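I opened a fresh page for this one and kept my notes short. Here is what I looked up, in the order I went through it.

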Amino acid sequence: MLKRLRSVSGLLLFTYLATHLLNHSAGIASPEALEAGRQVFLALWRNLLGTSLLYAALIVHVGLAYWSLYRRRSLKMPTWEALQLLLGFAVPPLLALHILGTRLAHEVFAFEDSYAAVLLIYFRFDPALGVQQVAATLVAWVHGCIGLHFWLR
């Protein structure tokens, strides 16, 4: 049952990441397409059901990762598994500022976290945050791809 929970929560988180990246890819066409895609993305994830599923998946997935680490008798493991764990544990700290600056700022301060505002912050006012978001994206994507690979295997 724990493996199934980890798989389902991981798939849900990977779906969130994939839809977020699909939304970003709309920016290739135009800034207007990027914002239009954002409205679809927000309709999917910023409602009671989407938010509840996302946060539950995040809590379950992280909790099960800690549980699997706790249950080990040693830290000797295959390289792919160590990489999976390290990348997975790196995701929350890499995304913390992004989550605080978008979702929390939106909920608490009614900040309109449009792509124009976020891109201005990341790539004009604090480029280091932009680099951090690229790193977070790569880390999360590789972690998810490793998980998908071993789930489908």
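**Entry 1: rings**

How many aromatic pairs does the count come to? I got seven aromatic pairs, keeping in mind that this is a predicted model.

I picked tyrosine 66 and phenylalanine 89 for a closer look. Their ring centres are 4.7 Å apart and their planes stand at 40°. Stacked needs under 30 degrees and edge-to-face over 60, so I wrote this pair down as tilted.

Next I checked where the two rings sit. Tyrosine 66 belongs to helix α3 (residues 48-71), while phenylalanine 89 belongs to helix α4 (residues 79-109). The pair therefore ties together parts that are 23 residues apart in sequence. Phenylalanine 89 has 25% relative accessibility, which makes it partly exposed.

I also noted a cluster: ring pairs link Tyr16, Phe41 and Trp45.

**Entry 2: histidine 98**

Is histidine 98 buried or exposed? I have it as buried, because its relative accessible area is 18% and the limit for buried is under 20%. Histidine 98 is in helix α4. Leaving out residues up to four places away in sequence, I found that histidine 98 touches His20, Arg103, Tyr122 and Gln133.

**Entry 3: salt bridges**

I searched the whole structure and found six salt bridges. I followed up three of the pairs.

The pair I started with was arginine 38 and glutamate 112, whose closest N and O atoms are 3.0 Å apart. Arginine 38 lies in helix α2 (residues 31-45) and glutamate 112 in the loop between α4 and α5 (115-125), so this salt bridge ties together parts that are 74 residues apart in sequence. The two partners differ in burial class: arginine 38 is buried at 4% relative accessibility, whereas glutamate 112 is partly exposed at 47%.

I then turned to aspartate 113 and arginine 46, whose side chains meet in a salt bridge at 2.4 Å, N to O. This pair also links distant parts of the chain, 67 residues apart, with aspartate 113 in the loop between α4 and α5 and arginine 46 in the loop between α2 and α3. Aspartate 113 counts as buried at 7% relative accessibility, and arginine 46 as partly exposed at 23%.

My last pair was arginine 72 with glutamate 81, a salt bridge of 2.5 Å, N to O. Here I noted arginine 72 as partly exposed, with a relative accessible area of 25%, and glutamate 81 as partly exposed too, at 23% relative accessibility.

Which residues do salt bridges that share partners join into one network? I listed Glu35, Arg38, Arg46, Glu112 and Asp113.

**Entry 4: α2 against α5**

Arginine 38 sent me back to helix α2, and I looked at how α2 meets α5. Their axes come within 10 Å and cross at roughly 115°. The range for roughly perpendicular is 65 to 115 degrees, so I put α2 and α5 down as roughly perpendicular to each other.

Which residues make the contact? From α2 I noted Leu34, Glu35 and Arg38, and from α5 Tyr115, Ala116 and Leu119. Sorted by class, the contact has four nonpolar, no polar and two charged residues.

One cross-reference for the margin: Glu35 and Arg38, listed in this contact, are also members of the salt-bridge network from Entry 3.

Key: Residues are numbered from 1 along each chain as its sequence is written. This is a predicted model: local features need pLDDT of at least 70, side-chain atom pairs count only at pLDDT 80 or more; totals for chains, interfaces and linings use all residues. Side-chain values use heavy atoms; hydrogens and water are left out. Rings of Phe, Tyr and Trp (its six-membered ring) pair if their centres lie within 6.5 Å; planes under 30 degrees apart count as stacked, over 60 as edge-to-face and the rest as tilted. Helices (H or I, at least four residues) and strands (E, at least two) are DSSP runs, numbered from the N terminus. Buried means under 20% relative accessible area, exposed over 50%, partly exposed in between (1.4 Å probe, protein chains only). Contact means heavy atoms within 4.5 Å. A salt bridge is a side-chain nitrogen of Lys or Arg within 4 Å of a carboxyl oxygen of Asp or Glu. Axes are lines fitted to C-alpha atoms, for helices over the stretch in contact, and angles run from 0 to 180 degrees between N-to-C directions. Angles under 35 degrees count as roughly parallel, over 145 as roughly antiparallel, 65 to 115 as roughly perpendicular and the rest as oblique. Ala, Val, Leu, Ile, Met, Phe, Trp, Tyr, Cys and Pro count as nonpolar, Asp, Glu, Lys and Arg as charged, and the others, Gly among them, as polar.
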